[in-house]
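Biologist: I would like to learn how to read an interface, a helix and a backbone angle from a model. Please take one feature at a time.

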Amino acid sequence: MMDPITLLTVVVLAVFVGFEVVSKVTSKLHTPLMSGANAIHGIILVGAIIVAGQASDPWLLTVALIAVVLATVNLVGGFVVTDRMLEMFGSRNPARPRAGAGEDGT
Amino acid sequence: MSVLGPGWTALFYLVAAVCFILALKGLSSPRTARRGNAIGAAGAFVAVVTVFLSAKLENIPLIIAAVAVGSAVAVPVARRVQMTQMPQLVALFNGVGGGAAALVAVLELGHSEDPWVRLAVVFTMLIGAVSFAGSAVTVGKLQELISTRPLLFPGMPVLMGAVVLGAVAACGFVVATGSVGWAVALLVLGIVAGLLLVLPVGGADVPIVISLLNAFTGLAVAASGIVLGNVLLLVAGTLVGASGTILTKVMAAAMGRGVTGIMFGAFRGGSTAGSTEQSDRPVRSSSPEDVAVQLGYAQRVVIVPGYGLAVAQGQHTIAELATALAARGVEVVFAIHPVAGRMPGHMNVLLAEANVPYEALKELEEANPEFPNTDVALIVGANDVVNPAAKSTPGAPIYGMPILEVALAGQVVFLKRSMRPGFAGIENELLFDPKTTLLFGDAKDSLTRVLGAVKAL
């Protein structure tokens, strides 16, 4: 396991980044943003693959493979459905750029 | 295979983590949202390839088969789901993610000796199980497989207390002994806690709960990163946990509610107030031709679309009606309540699907000051978002939620399926107002007939 202080540093910085990136989102995009964030935690697939790759006992392997299937559904389905929603937003003229909004300097 | 050394592995995981940050950042603005999502997917792909190339893995063919099965299930569902059923699908994907995190933690218990790591194991299991079961209930409520009204039974708070105490005890035993039996008990208790937590939540508040459970799953994934010593899981999970928490608060604020009020309101009682029965008080019902005259000779019409429009798949017809009215010189705008539909921002997705121009969509703050200059407010399949009870009836489930103030318009026309109350289960006084007329029927049918009548004017 990694040094606890390093882990804590990583967590604290990630919390601030997480707060920062979504703090100015318009309510029009709440559904796609929720769906996109939902897809990102599907990355638990990496964890499921690791445990499945280390499972020796058939029972443990079965449970691990179930976890792989569930995580894949979360990850792949999440990104696909988010893309479908956003496709509809994108199929028209680009949003009228509103002064101030969306111009946050990054 | 161990093609990649630890240094390269860490580097590729960092690339994936940066992709996730850019994805969330991109999703916050309409212009960059789709690209953001694609960046996130690319990051996930990099991470999955990296784990195959870096860790010493057995069973690789079976794992690849499981990934293929998961994709084969998820892609067609995600491609074909009706836009109206989007909230259910997001909740479902969230639930299975939580379930996967809980299973990963159980399996890692045997490899965990350090008490701190075991603490992360029990945290992942508990939160993952709560998220799994809670999401299942939200799916049931949104599909109306179970009642959308808050579900409470006598002794529920006592049972909840007992479950929480039991879960804490089980956590203690697992951390102290590493016992798999207690771990399974903890999973079961987590599932029961998830059910008890979400069953009492009223239908109107379900979207907030989905967002909250999304943040929960993020935290479970973050804790699983500590369990597995994997920094990517830790960072990605924390990102989702933090951004999901903020998003939940923002959404709750849009509804004028606090998150704790939503989660525990029913336990305290009072949030189930309001009429459950259909009233037989007289209303003024109207014909499609009358509605067409009202709309066609107005100067300014504001359309308030709601979930009923989406259910009837009427978004294309309403877009046509707006075009027909605009051709007659009527100014037509859509007033979109932040929670119109069944999830914040849901209605924007539906109207975007029907090619309604972005400029015609007004958010609540923009729309409300304009109602006094509006001749006709046309409410299609919406109820709770225009219900004055939100302002006038303390104790109503929606009390305090900002509403679209359609009562300030000259005339109010409701297209409604029936007199059944809305998702929140409360009657709308506005239906009985003298300036209100109602046209009953399926939203799409009614719109088609109104559209025909407008064209014939």
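Modeller: What follows goes through the interface, two helices and two loop residues of this predicted model.

Biologist: How many residues of chain B are in contact with chain A?

Modeller: The size of an interface is often given as the accessible area lost when the parts come together. Here the count is by residue: 95 residues of chain B are in contact with 78 residues of chain A. Among the elements giving two or more residues to the chain B side are α1, α2, α3 and α4 of chain B. The largest share of that side, 18 residues, comes from α9(B). By class, the chain B side has 59 nonpolar, 26 polar and 10 charged residues.

Biologist: What span should α8(B) have, and is α8(B) covered or not?

Modeller: At 1.5 Å a residue, the 23 residues of α8(B) should span 33 Å, and its end C-alpha atoms are 33 Å apart, so the two agree. As for cover, 23 of the 23 residues of α8(B) are buried. After α8(B) comes B:Gly229, with a positive phi near 65°. For α4(B), 23 of 23 residues are buried, so the rest of the structure largely encloses that helix.

Biologist: Which residue other than glycine has a positive phi near 60°?

Modeller: That is B:Glu144, in the loop between α5 and α6 of chain B. B:Glu144 has 10 other C-beta atoms within 10 Å, so it is exposed. B:Gln313, also not a glycine, has a positive phi of about 55°. B:Gln313 lies in the loop between α12 and α13 of chain B, and counts as partly exposed because it has 16 C-beta neighbours inside 10 Å.

Definitions and conventions:
Residues are numbered from 1 along each chain as its sequence is written. Chains are lettered from A and ligands numbered from 1 in the order in which they are written. This is a predicted model: local features need pLDDT of at least 70, side-chain atom pairs count only at pLDDT 80 or more; totals for chains, interfaces and linings use all residues. Two residues are in contact if their C-beta atoms, placed from the backbone, lie within 7 Å. Helices (H or I, at least four residues) and strands (E, at least two) are DSSP runs, numbered from the N terminus. Ala, Val, Leu, Ile, Met, Phe, Trp, Tyr, Cys and Pro count as nonpolar, Asp, Glu, Lys and Arg as charged, and the others, Gly among them, as polar. The expected span of a helix is 1.5 Å times one less than its number of residues. A residue is buried if 20 or more other C-beta atoms lie within 10 Å of its own, exposed if 12 or fewer, and partly exposed in between; C-beta atoms are placed from the backbone.
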